[in-house]
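Please examine the structure shown below. A short report on one of its chains comes after it.

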Amino acid sequence: MLTRRSLIRTTAALTLASALPLVPARAQTGPLRLEITEGVIEPLPFAIPSFIARNGGAADAAADITRVIAADLRGTGLFRQIPETAHISSITAFDAPIQYNDWQAINAQALIVGEVEESGGRLIVRFRLFDVFSQQPLGEGLQFVGPREGWRRMAHNVADQVYERITGEGGYFDTRVVFVHEEGPKNARLKRLAIMDYDGANVQFLTDSRSLVLAPRFSPTGDRIIYTSYESGQPQVYLMDVATVTRRPLEAFTGGEMTFSPRFTPDGGSVVFSMAQGGNTDIFRVGVGGGARTQLTTAPSIETAPSFSPDGSQMVFESDRTGGQQIYVMPAGGGEPQRISRGTGRYGTPVWSPRGDYIAFTKQEAGRFHIGVMRTNGSEERLLTASFLDEGPTWAPNGRVLMFTRETAGADGAPAVYSVDISGRNLQRVATPGMASDPSWSPRLP
Amino acid sequence: MTLRFRASALILTAALALSACAQGGLRDGDAVNLNAQGGLGAASDPTSVAYFNQVVGDRVLFAVDQSTLDAQAQATLDGQAQWLLSNSEYAIQIEGHADEQGTREYNIALGARRASAVRDYLVSRGVPAGRLNTISYGKERPIEICSEESCYRQNRRAVTVVSFGPGA
């Protein structure tokens, strides 16, 4: 995230690297680079005056959209909102000249100006982003058009644009999370699949609680979910279409086999999963349309939690072939696995970052659980969390933030979904309608 | 299972644990034998499910991360095998379970390993393999809910569930 050096630069100029040629040369300053890897030193202050409602039908939407954009940005831990009560200038028209001095006076480094228009049941949202200290627009003004009920997505789209222009990283606000909703006491827990916006809005249940369900994961295009259900009587992998909420077993149920821990391949055409047979668990691959299984591991130990590199060339998984759980990488088509986890303790649930640069994992050591990240060769291990029970990381589509399950101890122990960035900062509980576990973060919505 | 069933089972567990203590002859693992209250016969009837659960013993326990059957577990399973061979009309499902100290998917695999260890042992004692189904619940179905070893050891279990019906 913001390094000390880049922060100093930030105070002087807020500009895109790609816009550099347009920026007057300044001694001792350079383009803003918010590196989201080293931890924020101080969040970047921004101002977002309430978006202007172009007509009466847009008044509520303008206020709601402004609120959601601000919440998205604040939630990253990278940005600090300057309250509207502290503003000197007010924005009375979308195209009015910006009084930069008034925004500099309250130390707003970024200024977001927008308006909302309602037309025939649709909303038109326009915004501009300004670099206050260089007195320049930061990127082009943009306009989004959508149905009124889609106002949250339009707000997230604006916030994604702002985030991308300032950090150079992909935004992750126009996304959803599928997770397991939990109810009931610890020894009679009911579970059902649910889906929501990344910020907890628009919760929808996808299954009832009659059958135990575990660990849903999105397809690479976000339109399908693969998960484990006990509805046939055995743990078995199911495929669900998100739009129609229809499901089917990935493979015909043959009895006697338990399949679980599924994940899509990066092309979405296949699923890798674990199958337990006679006490031995190995990893298999099968097309989403069925067909023959390909066995990818053959050890007599437990091999599970497979995840592919984004280019599809390699697979990471966990195995207890040497005694305790450790993380291994192997060629996607098969071949000799190489152990990459090197520290003490046990390592499980590896997940390859969608950027390809890190593998997130669960580490268990000395009675504590951690979410961590390491390079894909096992180097630079960094533990981001510690608690009684943290497990099951899932990546934001930009590969810079993780969600995971945190469960508290004891008879009243309950799971919740948390997020943390890969520097270990900005640990937050994610809003869910109740107890929740096993989050899977969608790609950016189309 | 339904919530109602499980809730009632919990209450029964408490009641049985008390009675088990009073009788003095039952082990910790027998505390769950309350199925007898559900119409599965009386424990005094040696052909009843209640007898299997309470007198023979329907479960074995495991060490952390292990699926090895210790001497006590083997003795219990010897009794199970004998009973199952004498009562061939019962269907058998072996449930493997883990405590909460582990990741979800690993625990599914570990439960499968434990269930399989019991299955293999029963087969070695003459129970036809075709009568024995296995399932793993991982850490999803704890019977004890504290976060201490006293509970964990009860949850690291394989339970032989017999029900009246075609055995194979």
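The report treats chain B, first as a whole and then around one strand.

This is a predicted model, in which local features need pLDDT of at least 70 and side-chain atom pairs count only at pLDDT 80 or more, while totals for chains, interfaces and linings use all residues. Residues are numbered from 1 along each chain as its sequence is written, chains are lettered from A in the order in which they are written, and side-chain values use heavy atoms, without hydrogens and water.

Chain B contains 5 helices and 4 strands (DSSP runs of H or I with at least four residues, and of E with at least two, numbered from the N terminus). Read from the N terminus, the order of its elements is α-α-β-α-β-α-β-α-β. Of the 168 residues in chain B, 51% are buried (under 20% relative accessible area, with a 1.4 Å probe and protein chains only).

Strand E2 of chain B covers residues 90–97, and 6 of its 8 residues are buried. The table lists its pairings; two strands pair if DSSP finds at least two bridges between them.

| Partner of E2(B) | Sense | Bridges |
|---|---|---|
| E4(B), residues 157–164 | antiparallel | 7 bridges |
| E3(B), residues 132–138 | parallel | 6 bridges |

Within E4(B), B:Ser163 is the bridge partner of B:Ala91. On the E3(B) side, B:Gly138 stands opposite B:His97. Helix H4 of chain B (residues 104–124) joins E2(B) and E3(B) in a right-handed β-α-β unit; right-handed means that, with the strands pointing away from the viewer, the path from the first strand over the helix to the second runs clockwise.

Definitions and conventions
Buried means under 20% relative accessible area, exposed over 50%, partly exposed in between (1.4 Å probe, protein chains only).
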